[in-house]
Amino acid sequence: MTWLRSATTTDGRLIDVELRDGFIRQVVAVDDRRSHGSQTTGNGVATSNEVDLRGQVLLPSFVEPHAHLDKALTATVARNVTGDLAGAITAMQTLLAAMTVADVVARAEAALRIGLAAGTTHVRTHVNVGELAGMRALEALVDVRERWRGLVELQLVALVSHPLSGQPGRDLRRALAEGADVAGGCPHLDPEPARAVAICLDAAGEAGRPIDLHTDETLDPRLLTLATLADLVIRTGFTPGAAASHCVSLSMQPPDVQARVSEQVAAAGIGVVALPQTNLYLQGRAHPVGTPRGLTAIGPLHRAGVTVAAGGDNLRDPFNPVGRGDALETASLLVTAGHLDPLAALDAVTAAPRRVLGLPAVTLTAGSPADLVALPGPTALDALAAAGPARTVWRAGRIVARTHVHTDLAAVPAVSAIPAPHPLSRPWEAAL
Ligand SMILES: [Zn+2]
């Protein structure tokens, strides 16, 4: 049993949280401590089974809904010369052919350590399979998935090579039989995109697995396989769960098309994964004037009731050479580039990806899994904006990462009191 003391919630309340057997057992408002008989030492000193979280915001741990652990940390050996998606794919081709199981394991684990220290306890990663990559990266990540159980939960998406139409579904079926959890693919890169969507969905349906496709990662409005996927999911009654990542071209459609397709996606129960870092890096290079941001149409999707999660996608590889592996970087970009309310941006890296990945919800209530992260800051907005490395991370009620930061400032003026935050100065919280 552990008590987390005096944590701040996203809506500004102070709470104590009791963790037991991997779950939150009770949550007590700090003002109500005595009436609930919670244990304090009487002198304000935390006991060995207490963690003092004064001045820290407590959130559900982060969930990364879209990573590429097999490509992680390759930016220094594979340069993207043109800086666009085609350049990234070209840079990766040499690497994919040369990848060894040991190499993938080492880089994937390094990426998981970075993510766990930042508060990420669940990761869905795409894994290249088939042409060039063979099944080596999958073999490596199946091994990593099993060894990291209990620390970071991994879901593996078989990212089948294109063109898919020449070898319809063969590599995807093999990967699903050899340890992949989810069917994936890049139909928008295939010569027959609609047919590629159908082939991937068939393979997923046969295996009874969810599907998560790289979808319309292009600013070309003529390509809109998101609508094709939604239509097929509805017509075939596909139930294992569907997600569509990127969905960039939706942002280039007229408002009525965005609204209609978003409603179709909602009806199909498809979760959309926005990927701001990689889209901002790769997209828009052919538009030097009024460069589009390349993000999906988050507003219309939200208005239609679609769950929109957000991920980091690439960690220092040819698709994004400067990824930090930090969900707060993703959330921050959703605020500045995606124009989301800050709390909605935090939701996109906590609650929303849990729904898209089919994971149990985590909330600060009794009975919830104790997968949590504490961040320094008087409010959630401060914590999101500062996004410093100092964090404490719990997985199933156990501390699995803790980062301390110590700064010495020489010869600066003494600390002055900062006015306490006033509810009226934070209208984005009242909106919840
Ligand atoms: Zn991706």
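Author: A helix here is a DSSP run of H or I with at least four residues, a strand is a run of E with at least two, and both are numbered from the N terminus. We're looking at a predicted model, where local features need pLDDT of at least 70 and side-chain atom pairs count only at pLDDT 80 or more, while totals for chains, interfaces and linings use all residues. Residues are numbered from 1 along each chain as its sequence is written, and side-chain values use heavy atoms, with hydrogens and water left out.

Reader: OK, helix H8 then. How do you know that its span agrees with its 14 residues?

Author: The expected span is 1.5 Å times one less than the number of residues. For H8 (residues 255–268) that gives 20 Å, and the end C-alpha atoms are 20 Å apart, so the two agree. Right after H8 comes glycine 269, with a positive phi near 70°.

Reader: What makes the buried residues of H8 line one face?

Author: Buried means under 20% relative accessible area, exposed means over 50%, and partly exposed is in between (1.4 Å probe, protein chains only). In H8 the buried ones are Val257, Gln258, Val261, Ser262, Val265 and Ala268. Seen down the axis, they fall within an arc of 125° (taken from the directions from the helix axis to the C-beta atoms), so they line one face of the helix. Pro255, Asp256, Arg260, Glu263 and Ala267 are exposed on the other side of H8.

Reader: And what covers the buried residues of H8?

Author: The cover includes H7, strand S12 (271–274) and helix H10 (298–303).

Reader: How do you know that H6 has the span its 15 residues should have?

Author: By that 1.5 Å a residue, H6 should span 21 Å, and its end C-alpha atoms are indeed 21 Å apart. Its buried residues are Pro193, Ala196, Val197, Ile199, Cys200, Leu201, Ala203 and Ala204. Among the elements covering them are H5, strand S9 (182–185), S10 and helix H7 (225–236). H6 also has a glycine after it: glycine 208, whose phi is positive, near 65°.

Reader: What makes glutamate 206 and arginine 173 a salt bridge?

Author: The rule asks for a side-chain nitrogen of Lys or Arg within 4 Å of a carboxyl oxygen of Asp or Glu. This pair comes in at 2.7 Å, N to O, and qualifies. Glutamate 206 sits in helix H6 (residues 193–207) and arginine 173 in helix H5 (residues 170–177), so the bridge ties together parts 33 residues apart in sequence. Glutamate 206 is exposed at 58%, while arginine 173 has 30% and counts as partly exposed.

Reader: Which residue does arginine 149 form a salt bridge with?

Author: Glutamate 146, with the closest N and O atoms 3.0 Å apart. Arginine 149 has a relative accessible area of 47% and glutamate 146 has 37%, so each falls between the two cut-offs and is called partly exposed. Another pair is glutamate 178 with arginine 174, at 2.8 Å from N to O. Shared partners also join Arg145, Glu146, Arg149, Glu153, Asp181, Asp371 and Arg395 into one network of salt bridges. Over the whole structure, the search finds 24 salt bridges.

Reader: Now the zinc ion: what coordinates it?

Author: His66 (NE2), His68 (NE2), His214 (NE2) and Asp313 (OD) do, at 2.0 to 2.7 Å. Donors are N, O and S atoms within 2.8 Å of the metal (3.2 Å for Na, K and Ca), and sites may look incomplete with water not among the atoms. All four therefore pass the cut-off.

Reader: Why is the site called irregular?

Author: Four donors are tetrahedral if all angles lie between 85 and 135 degrees; four are square planar and six octahedral if opposite donors are over 155 degrees apart and all others between 65 and 115; anything else is irregular. The angles here run from 83 to 173°, so tetrahedral is out at both ends, and the site ends up as irregular.

Reader: What parts do histidine 66 and histidine 214 tie together?

Author: Histidine 66 is in strand S6 (residues 62–67) and histidine 214 in strand S10 (residues 211–215), so the pair links parts 148 residues apart in sequence. Both histidines are buried.

Reader: How do you know whether leucine 384 is buried or exposed?

Author: Its relative accessible area is 5%, under the 20% limit, so leucine 384 is buried. Leucine 384 belongs to helix H14 (residues 380–386). Leaving out residues up to four places away in sequence, leucine 384 touches Leu328, Ala331, Ser332, Val335, Pro342 and Leu346, with contact meaning heavy atoms within 4.5 Å.
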